[in-house]
Each structure stands twice: as C-alpha cells, then as structure tokens.
Amino acid sequence: MKRIALYAALLTALWGAMPAYADGFHYDIDVTSELELDNEGKVMGVRQVWDYAPEITNIMLESMDVISDQSLDELGLDMMKDLKKLGYFVDFRVDGADINHSEVEDYDILLPSEKQLELQMFHPFAEPVDIKGKRLVIDMADPDGTGILRHASAASVNLPDALKSQCRVSLEKKQDPNNAATYVHGDPVQLVTIDCT
C-alpha cells in the first residue's frame with residue numbers, strides 16, 4: 001500500500017478546499033497533558049493527547065481506501081515525521097530557561113470515533129528536571145498558525161500525585177485566533193503554567 005502522506009499536505013488541502021477563508025481559517029486541536037516523574041520525583045517528560053477537529057479528521061482520512069490499523073500507522077508515521085521537523089509544536093521552560101527535549105519515539109494514532117483522530121505522544125526531556133519550587137511552562141504553537149492548540153481547562157493538565165499538593169495549574173490566554181486583525185500566526189494561543197513555588 002502506498003504511504004499516506006496526508007499530514008504533510010494538510011495545509012495544501014485546506015487552502016485548496018477552502019480558498020474563501022484565506023488566512024482566517026483555523027482548525028482546533030484539543031490538548032491534554034500529563035507530567036511523568038522518575039523515581040526521584042523529577043519530571044522525565046510530558047505525555048500529550050491531541051484530539052483533532054472533525055473537519056480536519058475528514059480531510060486526513062478522505063484518501064484512505066480502507067481505514068485500518070495499517071493505514072492509521074502509516075498516517076501516524078507521516079504525521080510524526082512532519083511534527084519532528086516543526087519541533088512538535090511545543091516548547092518547555094522552567095523559570096524562563098528552555099528545556100531540551102528529545103525526539104518523540106513513543107506515539108500512537110487512534111480513531112476512537114469516526115469523527116475525531118487522536119494523536120498520543122510522549123515528549124521525553126533530555127534530562128529529568130526538578131520543578132519543585134519552580135514554574136514549568138508549556139508553550140504550544142503551530143508555526144503556520146493554522147492549527148490552534150489549546151487545553152480546554154486547567155483540568156486538562158494532569159499532575160502526578162507527588163506534585164498535586166504543591167503545584168497548581170493555570171492557563172493564560174495569549175491571543176484570540178478568531179480576531180483576524182490581531183491574531184499573530186505562529187504565536188501561542190495559550191500558555192500552560194505549572195507553578196510549584
């Protein structure tokens with residue numbers, strides 16, 4: 001079976017299918033995040049689930065003759081190759097300093113319903129990070145500014161039991177993608193702060 005390079009051509013498909021929207025067209029990716037700790041209580045990385053909007057799911061699946069585990073695996077491989085080139089749309093910072101994260105190797109693409117693709121992946125930190133007494137920020141942005149990545153609420157960020165009593169999660173709205181006059185492509189719509197100070 002031919003590789004399904006749909007993700008790489010997603011923006012092209014969107015522009016071709018919906019030219020009237022110009023740069024006003026955006027699609028939503030609903031994100032959940034979960035911190036994972038090592039035996040010393042340091043953060044090893046962040047596990048995320050991205051739920052794609054139904055209209056984007058349709059575009060990504062429309063050229064599949066048959067939706068199967070194999071075709072989804074091929075789609076997932078293409079998606080991850082593209083996301084690797086784009087830095088996985090995510091940056092992590094502790095007290096303002098960037099955290100180096102390694103290539104994502106643990107991932108899966110699922111279709112739990114016919115209307116919504118779900119991408120699961122683990123972002124491993126290059127080295128475990130102690131965030132006690134510090135602030136961890138998750139900064140997510142599609143460089144093209146077309147995919148709008150955001151957590152629906154603070155409850156969409158899951159903390160391990162060891163951090164629940166000492167850390168709190170807050171979401172900071174940075175910009176409104178529906179306001180074309182002020183929306184800056186490639187900048188985050190939202191910042192997630194995990195404050196353990």
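**Core, sheet and disulfide of a predicted model**

The largest nonpolar core has 46 residues. Within this core, the residues with the most contacts are Leu35, Trp50, Tyr52, Leu119, Ile131 and Ile194. Several elements give two or more residues to the core. They are strand S1 (27-37), S2, helix H2 (54-61), H3, S3, strand S6 (116-129), S7 and S11. The model is predicted. In soluble globular proteins, nonpolar side chains tend to be buried together.

Ile131 illustrates the contacts of one core residue. Neighbours within four places in sequence are left aside here. Ile131 is then in contact with Leu35, Val43, Val94, Leu136, Leu163, Ile194 and Cys196. Of these partners, Leu35 and Ile194 are also listed among the core residues with the most contacts.

The chain as a whole gives the setting. The protein chain has four helices and 11 strands. Buried residues make up 46% of its 197 residues. Contacts between residues at least 6 apart in sequence were also examined. Of these, 69% join residues at least 24 apart. The accessible surface of the protein chain comes to about 10200 Å². Carbon and sulfur atoms account for 47% of that surface.

Aromatic rings were considered next. The count comes to three aromatic pairs. Trp50 and Tyr52 form a tilted pair. Their ring centres lie 6.5 Å apart, with 55 degrees between the planes. Trp50 also pairs with Phe89, and this pair is stacked. Here the centres are 5.8 Å apart and the planes differ by 15 degrees. The pair of Trp50 and Phe89 links distant parts of the chain. Trp50 belongs to strand S2 (residues 43-52). Phe89 lies in the loop between helix H3 (69-85) and S3. The two residues are 39 residues apart. Ring pairs thus link Trp50, Tyr52 and Phe89 into a cluster.

Each member of the cluster is buried. Burial means a relative accessible area under 20%. Trp50 has a value of 0%, so it counts as buried. Tyr52 is buried as well, at 0% relative accessibility. Phe89 has 4% relative accessibility and therefore counts as buried too.

Five strands form an open sheet. Their order is S4-S3-S7-S11-S10, and the pairing is antiparallel. Strand S4 (97-98) and strand S10 (168-173) stand at the edges. Each has a single partner strand, so one side of each is left without a neighbour in the sheet. Strands of a sheet pair through backbone hydrogen bonds, either parallel or antiparallel. Strand S3 (residues 90-94) and strand S7 (residues 135-140) pair in the antiparallel sense over five bridges. Arg93 stands opposite Val137 in S7. S3, S7 and S11 each give two or more residues to the largest core.

The structure holds one disulfide. It joins Cys167 to Cys196, with an S to S distance of 1.9 Å. The torsion about the S-S bond is about 110 degrees, so the disulfide is right-handed. Cys167 lies in the loop between helix H4 (161-164) and S10. Cys196 lies in the segment after strand S11 (190-195). The pair therefore ties together parts that are 29 residues apart in sequence. Both Cys167 and Cys196 are buried. Cys196 is also one of the residues in contact with Ile131.

How values were computed
Residues are numbered from 1 along each chain as its sequence is written. This is a predicted model: local features need pLDDT of at least 70, side-chain atom pairs count only at pLDDT 80 or more; totals for chains, interfaces and linings use all residues. Side-chain values use heavy atoms; hydrogens and water are left out. Two strands pair if DSSP finds at least two bridges between them. Rings of Phe, Tyr and Trp (its six-membered ring) pair if their centres lie within 6.5 Å; planes under 30 degrees apart count as stacked, over 60 as edge-to-face and the rest as tilted. Buried means under 20% relative accessible area, exposed over 50%, partly exposed in between (1.4 Å probe, protein chains only). A disulfide is a pair of cysteine sulfur atoms within 2.5 Å. A nonpolar core is a set of buried Ala, Val, Leu, Ile, Met, Phe, Trp, Tyr and Cys residues joined through side-chain atoms within 4.5 Å. Contact means heavy atoms within 4.5 Å. Accessible areas come from the Shrake-Rupley method with a 1.4 Å probe; for residues, only the protein chains shown count as cover.
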